[in-house]
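This briefing concerns the structure displayed below. It covers the overall fold, the strand pairing and the surroundings of the ligand in turn.

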Amino acid sequence: MTMDSFDQLVQGRRSIRKYTKEIPSEDTILRMISCAAMAPSPSNSQVVRFIRIQSETVRNNLQLSLESGYQRFLKCAEGIQNGKRLRNRINVYKRYSDFIFAAPLLFAVGFDTGHSGFSKILHEAGVLEKDFRGPIDLDITVGLALKGFILKAETLGIGTCIVSAPFVFIEHMEAILGLTGISVRCLMTAGYPDETPTHMERKDPRDIYQVIS
Ligand SMILES: Cc1cc2nc3c(=O)[nH]c(=O)nc-3n(C[C@H](O)[C@H](O)[C@H](O)COP(=O)(O)O)c2cc1C
């Protein structure tokens with residue numbers, strides 16, 4: 001297969017967890033958000049929201065909550081079988097969470113909960129027992145917007161990392177962020193890279209593709 005510039009962009013991207021101190025400009029942030037905004041969404045509902053967490057107080061509160069969740073898990077892991085293995089796991093995910101507080105840009109990314117998709121409309125009308133589809137569609141939509149953001153970031157020399165591990169440690173994420181009407185699905189860091197991660201293997205396309213014929 002020949003590689004074009006889009007292939008190279010996609011294949012060259014790596015998650016970045018170590019950044020220089022330089023903070024990308026507001027204009028740069030908006031260019032990345034613009035690409036996120038072009039993502040498809042159910043009925044063009046454009047439900048995805050990016051919230052930049054700039055406040056030191058809010059960042060500190062997130063860190064305190066993460067630390068308290070971490071201590072809680074360690075305590076629970078004390079008395080159980082395979083506790084050492086579990087503690088190691090907890091420590092790894094703590095490390096894969098802690099770096100966010102040193103990132104120049106930290107975003108909460110989620111969706112506006114006011115949106116009514118097809119499945120929710122049927123559920124609210126009493127036709128469907130459960131809005132089983134809405135939450136899935138909304139998560140897909142957040143993912144697509146993130147993809148636009150991180151690829152545009154790549155073209156601007158900005159590294160990003162999508163982060164979900166802190167959600168396991170932190171209770172009441174939306175309350176700490178002071179958000180209502182938004183379901184936060186992940187965090188994302190961004191900034192100018194201060195590391196060059198090595199290449200990470202991916203499956204062969206034929207391993208993730210099948211045809212029902
Ligand atoms: C939904 C999601 C959650 C993730 N959560 C974390 C996380 O909590 N901490 C972290 O350091 N990386 C996290 N990552 C980044 C992955 O570890 C990373 O994408 C994967 O290892 C592949 O590496 P690459 O992005 O450099 O190609 C997450 C990625 C996704 C898509």
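How many helices and how many strands does the protein chain have? The model, which is predicted, contains eight helices and four strands in its protein chain. Their order along the sequence is α-α-β-α-α-β-α-α-β-α-α-β.

**Overall dimensions and packing**

- The C-alpha trace of the protein chain extends over about 50 × 50 × 45 Å along its principal axes.
- The protein chain comprises 213 residues, of which 23% are buried.
- Among contacts in the protein chain with a separation of 6 or more, 81% link residues 24 or more positions apart.

**Strand pairing**

- Strand S4 (residues 182-191) runs antiparallel to strand S2 (residues 105-112), and eight bridges join the two.
- Within the pairing of S2 and S4, Val109 has Cys186 of S4 as its bridge partner.
- S4 also pairs with strand S3 (residues 159-163), again in the antiparallel sense, through five bridges.
- Leu187 in S4 lies opposite Val163.

**Surroundings of the ligand**

- The ligand is surrounded by 13 residues, and those that come nearest are Arg14, Ser15, Tyr96, Ser164 and Ala165.
- Two elements, helix H4 (83-98) and S3, each give two or more residues to this shell.
- S3 provides the largest share of the shell, namely three residues; S3 is also the strand that forms five bridges with S4.
- Classified by residue type, the shell around the ligand consists of eight nonpolar, three polar and two charged residues.

Key. Residues are numbered from 1 along each chain as its sequence is written. This is a predicted model: local features need pLDDT of at least 70, side-chain atom pairs count only at pLDDT 80 or more; totals for chains, interfaces and linings use all residues. A residue is buried if 20 or more other C-beta atoms lie within 10 Å of its own, exposed if 12 or fewer, and partly exposed in between; C-beta atoms are placed from the backbone. Two residues are in contact if their C-beta atoms, placed from the backbone, lie within 7 Å. Two strands pair if DSSP finds at least two bridges between them. A residue is near a molecule or strand if its C-beta atom, placed from the backbone, lies within 6 Å of it. Ala, Val, Leu, Ile, Met, Phe, Trp, Tyr, Cys and Pro count as nonpolar, Asp, Glu, Lys and Arg as charged, and the others, Gly among them, as polar.
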